[in-house]
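Colleague: I should like to go through this model with you, step by step. Please give the reasoning before each value.

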Amino acid sequence: MRNRFFLVICALVLFATTAPSQPIQQPAQQPAPGPEAMRPGDGDPIRQLNLTPEQREQIRAIREHNQNERAVTAQKLREANRALEQALNAENPDEAIVEQRLKDVAEAQASQTRMRVLTEIRIRRVLTAEQRVLLRSLQQQARDNRRQRLLTDTEEKMQRREERMRRVEERRNGVNQLQRRRDNQNRIP
């Protein structure tokens, strides 16, 4: 759920940073999106938000402002995970060292989450009330889609498992039937 939301925000930020630096000639205020743009799941979520050139520039500035800190926190998390893995792979892992490495990973993850959330808050402040409503709708749609995909994947796995079990049972029954036939043929009347 958080990952989907984060992906939508990242896409929003990425789009804003890759947009041309010269603003496209558009009015300063965009009209509210029409019903076709308000349907979640249709088209590009960034386009559905109908960002103005000013909003794109503000989002780009937010992203650039946090870029170095994001890189540092990501590097710290990678290093903490490597250190934890090394501690676990030691010949005789020391629980105290593993505990400390776990704390380091948790701190790095918390720092990364904090940075992501603060960036998200700053980006949301750039959006209009209508855009925030649309963003929430898109996020809900993404959560629903993910939930449905997980449900479908689980159902498919269960069906495949049941099919394998059925085939195994059929093979067993086939072997049992052959064995009974042989036993019946070998019986002396």
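**Helix packing, cores and individual residues**

Modeller: Let us begin with one residue: Glu54 has a relative accessible area of 44%, so Glu54 counts as partly exposed. The model is a predicted one.

Colleague: In which element is Glu54 found, and how far apart are the C-alpha atoms of Glu54 and Val126?

Modeller: Glu54 belongs to helix 4. Along the chain, Glu54 and Val126 lie 72 residues apart. The separation of their C-alpha atoms is 9.2 Å.

Colleague: What is the order of elements along the chain, from the N terminus on?

Modeller: The chain contains 0 strands and 6 helices. Read from the N terminus, the order is α-α-α-α-α-α.

Colleague: Are helix 4 and helix 5 roughly parallel or roughly antiparallel?

Modeller: Helix 4 covers residues 53-88 and helix 5 covers residues 95-126, and their axes are 9 Å apart. The packing angle is about 170 degrees. Angles over 145 degrees count as roughly antiparallel. The two helices are therefore roughly antiparallel.

Colleague: How do the residues of the contact of helix 4 with helix 5 divide by type?

Modeller: This contact, between helices packed at about 170 degrees, involves residues of three types. They divide into 7 charged, 9 polar and 17 nonpolar.

Colleague: Which element gives the largest share of the largest nonpolar core?

Modeller: That core has 11 residues, including Ile46, Leu49, Ile59, Ile123, Leu134 and Leu138. Two or more residues each come from helix 4, helix 5 and helix 6. The largest share, 3 residues, is given by helix 6.

Colleague: How many residues does the second, separate core have?

Modeller: Among its members are Leu77, Leu84, Ala87 and Val105. In total, the second core has 7 residues.

Colleague: Is Leu134 buried or exposed?

Modeller: Leu134 lies in helix 6, which spans residues 129-186, and is a member of the largest nonpolar core. In soluble globular proteins, nonpolar side chains tend to be buried together. Because its relative accessibility is 1%, Leu134 counts as buried.

Colleague: How far apart are the C-alpha atoms of Leu134 and Leu49?

Modeller: Both residues belong to the largest nonpolar core, although 85 residues separate them along the chain. Their C-alpha atoms are separated by 6.9 Å.

Colleague: What is the phi of Asn50, and is Asn50 buried or partly exposed?

Modeller: Asn50 sits in the loop between helix 3 (45-48) and helix 4. Most residues other than glycine have a negative phi. The phi of Asn50, a positive value, is near 50 degrees. With a relative accessible area of 25%, Asn50 is partly exposed.

Colleague: What percentage of the residues of the chain count as buried?

Modeller: The accessible surface of the chain is about 14,000 Å², and carbon and sulfur atoms account for 50% of that surface. Of the 189 residues in the chain, the buried ones make up 23%.

How values were computed
Residues are numbered from 1 along each chain as its sequence is written. This is a predicted model: local features need pLDDT of at least 70, side-chain atom pairs count only at pLDDT 80 or more; totals for chains, interfaces and linings use all residues. Side-chain values use heavy atoms; hydrogens and water are left out. Axes are lines fitted to C-alpha atoms, for helices over the stretch in contact, and angles run from 0 to 180 degrees between N-to-C directions. Helices (H or I, at least four residues) and strands (E, at least two) are DSSP runs, numbered from the N terminus. Angles under 35 degrees count as roughly parallel, over 145 as roughly antiparallel, 65 to 115 as roughly perpendicular and the rest as oblique. Ala, Val, Leu, Ile, Met, Phe, Trp, Tyr, Cys and Pro count as nonpolar, Asp, Glu, Lys and Arg as charged, and the others, Gly among them, as polar. Buried means under 20% relative accessible area, exposed over 50%, partly exposed in between (1.4 Å probe, protein chains only). Accessible areas come from the Shrake-Rupley method with a 1.4 Å probe; for residues, only the protein chains shown count as cover. A nonpolar core is a set of buried Ala, Val, Leu, Ile, Met, Phe, Trp, Tyr and Cys residues joined through side-chain atoms within 4.5 Å.
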